[in-house]
Amino acid sequence: MKVHFKQDEPDNSNRLDGMQQGVLGKPLPRIEGLAKATGTAPYAAEYPVENCAEGVLVTATITRGEVTSIDRESVLSMPGVIAVIDDEKLCTRAAQGTANEAPMQGPAQVCYWGQPIALVVAETFEKARDAAKHLNVEYRVEEGATLDPGAVEPEEQEDETVHQGDLAHAMAEAAHSIDVTYTTKGHASAAMEPHAAIAEWDGDKLTVHASLQMLNYNITELADALDMEEDDVRLISRYVGGGFGSKLGISEEVVAAALAAKQVGRPVRVVQSRQQVFQTVMRRSETTQRLRLAADSEGKLIGFGHEALVSNLPGEAFAEPVLQSSHFMYGGENRELMLKVARIHRMTAGSVRAPGEAVGMPALEGAMDVLAEKAGIDPVELRLRNIPEDDPEEGLPFSSHKLAECLKQGAEAFGWENGPRKPRQRREGEWWIGTGMASAARVHNISEAKARVTLKADGAALVETDMTDIGTGTYTILAQIAGEMLGLDPKRVLVELGDTRHPRGPGSGGSWGAASIGSAVYVACKAIREELAAKIGTIEDKLELNDGKTATGESLTDLLEGKDLAREGHYEPGDIEDDYTASGFGAFFAEVRVNHYTGETRVDRMLGAFGFGRVLNAKTARSQCIGGITWSIGVALTEALEFDPQDGHLVNCDLAEYHVPVHRDVPDLDVVLVEERDGAASPIQAKGIGELGMCGGAAAIANAIYNACGARLYDYPMTPDRVIVAMPD
Ligand code: MOS
């Protein structure tokens with residue numbers, strides 16, 4: 001039986017707090033943690049499949065042009081080589097993830113260096129890789145590939161444009177004004193598990209084990225790519241070794257494996273090499289951002305300008321939404337916001353962890369620090385003075401808003417010294433030491449979701465949905481929500497995820513996973529509770545359940561009388577989305593050391609205080625924040641995609657050359673979870689967590705670099721070469 005719930009009104013009741021089981025929010029360890037740590041949780045490439053052939057992608061070595069010939073015979077005669085696939089259905093770009101259709105297909109047209117153009121299939125991986133390297137491909141090179149986003153006339157994204165009041169006038173009238181331009185480099189998702197797929201056909205039915213974030217969309221994309229009905233496709237992603245946006249949509253290996261398996265009549269596995277992952281999946285666009293801030297003598301903003309330039313391939317709808325939170329972050333009645341996209345020939349630009357705010361907030365929060373200095377106001381105080389009452393553009397109320405609490409609680413926990421600041425106040429040997437802070441914001445997203453909950457005759461529960469757990473804790477929080485609602489120890493709740501045979505979840509993306517699928521499980525459990533309540537002559541609201549029993553002592557097994565009780569919960573965000581501006585907020589504080597002679601920055605400690613609605617599991621929530629802060633360190637100091645200006649190829653396409661923070665770069669991190677309930681954000685009063693943890697954090701480090709050594713930088717990442725140039729004598 002299906003139960004539909006569309007949220008149109010805020011739910012500010014405390015019913016989930018008032019329940020008896022008391023497991024919601026508890027810091028339970030991840031259910032699948034042991035399996036992952038012991039290597040028994042199979043990732044996409046690890047499923048045991050008999051008689052599986054191995055495929056290796058061949059990628060283009062030109063930036064723009066056409067494949068004119070592929071010399072198949074040259075490799076088909078090599079030992080163990082089975083086939084060369086250059087079917088016109090091969091995908092040449094990663095899908096964006098919520099498009100509900102196949103990404104670009106047809107390998108003959110080349111749009112970027114590293115684009116997949118064929119697949120070689122062999123008996124072993126080594127044979128396939130060897131043959132792929134020896135495959136002779138001829139191209140017709142098309143002149144005029146655009147490699148530099150600054151060299152073309154960009155397109156304005158009109159729905160992002162805001163002209164409100166007169167910013168130029170406000171800048172001229174302001175007691176304090178700044179006009180600064182920041183740049184950020186491209187980023188890679190750099191998930192640990194490479195993109196991989198195993199495809200198997202049974203007649204006309206296709207099953208693919210893949211590493212994907214959003215099976216609910218991915219099944220449509222794959223069916224579209226192959227010209228099939230969704231009913232004939234099954235996708236399985238039970239464990240995903242990180243996604244960060246790169247697995248939102250199907251990528252090239254998924255379609256390649258399916259086409260190859262059909263052609264060679266046996267299962268085919270395709271695993272992208274680390275270099276291929278960097279070259280073929282989505283990158284985060286580099287950005288150039290101009291910030292204009294105009295403030296009165298008290299530091300209150302009267303003008304706010306944020307204009308950004310990003311890039312993408314021709315034909316792609318996505319533009320890094322740099323301004324997403326700038327629209328409502330701070331007040332200022334005179335506003336100018338604009339986003340432009342330059343068309344260039346690099347791999348698809350798309351969602352990489354916290355698209356938009358991940359780079360927009362570090363620029364805005366860097367600029368706020370410049371303004372604080374100019375106005376002679378403590379940086380925390382400057383932000384407190386500029387928190388708007390309502391959304392400054394839409395005029396909507398905020399669903400809930402904990403920025404002030406995050407700033408105050410974060411400052412307190414960190415030991416922030418209030419007051420106007422001066423750089424270069426502390427030196428120990430070669431090292432300048434300083435502190436910095438920044439606000440965090442990440443819009444709250446929520447999505448339609450379905451989940452089936454079955455209360456088994458033996459009193460255990462089963463949750464089924466095609467939702468994924470990409471390392472975030474989905475398995476665990478769903479067991480907690482169902483456990484809380486049904487009065488069961490979460491150990492008695494079996495959670496089955498990542499299989500399109502189950503009801504459609506929302507997918508893991510945009511930090512909407514937990515609130516969306518959690519709400520679907522909530523809706524299903526509420527319907528089960530109604531049924532149980534009726535059996536004992538009460539109403540759902542009054543039903544008390546704890547450890548498999550009602551308050552009056554009836555056990556669930558007795559009530560079920562030998563029958564399973566199943567409900568499919570269907571949650572939909574309703575009109576409420578139009579009534580509020582909903583966002584998570586937070587504050588970052590960092591202490592860094594900067595070497596006077598080398599410009600090297602070390603982060604010594606960092607703290608984030610975040611408000612994102614109900615905490616469903618204090619441990620997994622905290623882990624998400626720690627992951628986000630770690631990303632902040634990468635954005636601030638090390639991460640940058642570097643493209644060759646001559647031929648456009650990605651130069652640093654592995655983890656040796658693209659520097660994500662490693663254990664030694666990640667110091668003492670602390671997280672404050674600020675108490676919040678957001679009844680308008682979701683029926684379970686939760687908002688998104690994961691991405692908020694990195695939205696602005698890089699600016700806390702940048703601002704600390706300035707406070708430490710007096711080097712004011714406007715370009716991320718702040719590598720030693722840049723710091724040393726900006727360092728005063
Ligand atoms: Mo996220 S970048 O939407 O996985």
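Student: Is Y239 buried or exposed in this structure?

Tutor: Buried means under 20% relative accessible area. This is a predicted model, and in it Y239 has a relative accessible area of 16%, so Y239 counts as buried.

Student: Which aromatic pair does Y239 form, and how do I read it?

Tutor: A pair of aromatic rings is described by the distance of the centres and the angle of the planes. The count here comes to 11 aromatic pairs. In one of them, Y239 and Y475 sit 6.0 Å apart, centre to centre, with 35° between the planes, and that makes the pair tilted. Y239 is in the loop between β14 and α6 while Y475 is in helix α11, so the pair ties together parts that are 236 residues apart in sequence. Y475 is buried too, at 7% relative accessibility.

Student: What does an edge-to-face pair look like here?

Tutor: Try F328 and F585: 6.2 Å centre to centre, 85° between the planes. F328 lies in the loop between β18 and β19, and F585 in strand β28, 257 residues apart. F328 and F585 are both buried.

Student: How do people find cavities, and how many does the structure hold?

Tutor: Rolling a probe the size of a water molecule over the atoms shows where empty space is left. The structure holds 6 cavities of 30 Å³ or more. The largest has a volume of about 120 Å³.

Student: Which residues line the largest cavity?

Tutor: There are 15, and D369, E373, P379, R421 and Y706 lie nearest its centre. By class, the lining has 6 nonpolar, 3 polar and 6 charged residues. Y706 also has the charged end of R712 over its ring, 3.8 Å from the centre.

Technical notes:
Residues numbered from 1 in each chain as written. Predicted model: local features only at pLDDT ≥ 70, side-chain atom pairs only at ≥ 80, totals over all residues. Heavy atoms only, no water. 1 Å grid on protein atoms, 1.4 Å probe; cavity = no way out; pocket = protein on both sides within 12 Å on 5 of 7 lines; lining within 4 Å. Points joined across faces, edges and corners; volume = space filled by probe spheres on them. Nonpolar A, V, L, I, M, F, W, Y, C, P; charged D, E, K, R; others polar. Phe/Tyr/Trp six-rings, centres within 6.5 Å; stacked < 30°, edge-to-face > 60°. Helix = DSSP H or I, 4+ residues; strand = E, 2+ residues; numbered from the N terminus. Buried < 20%, exposed > 50% of the residue type's maximum accessible area, 1.4 Å probe, protein only. Lys NZ or Arg CZ within 6 Å of the ring centre and 35° of its normal.
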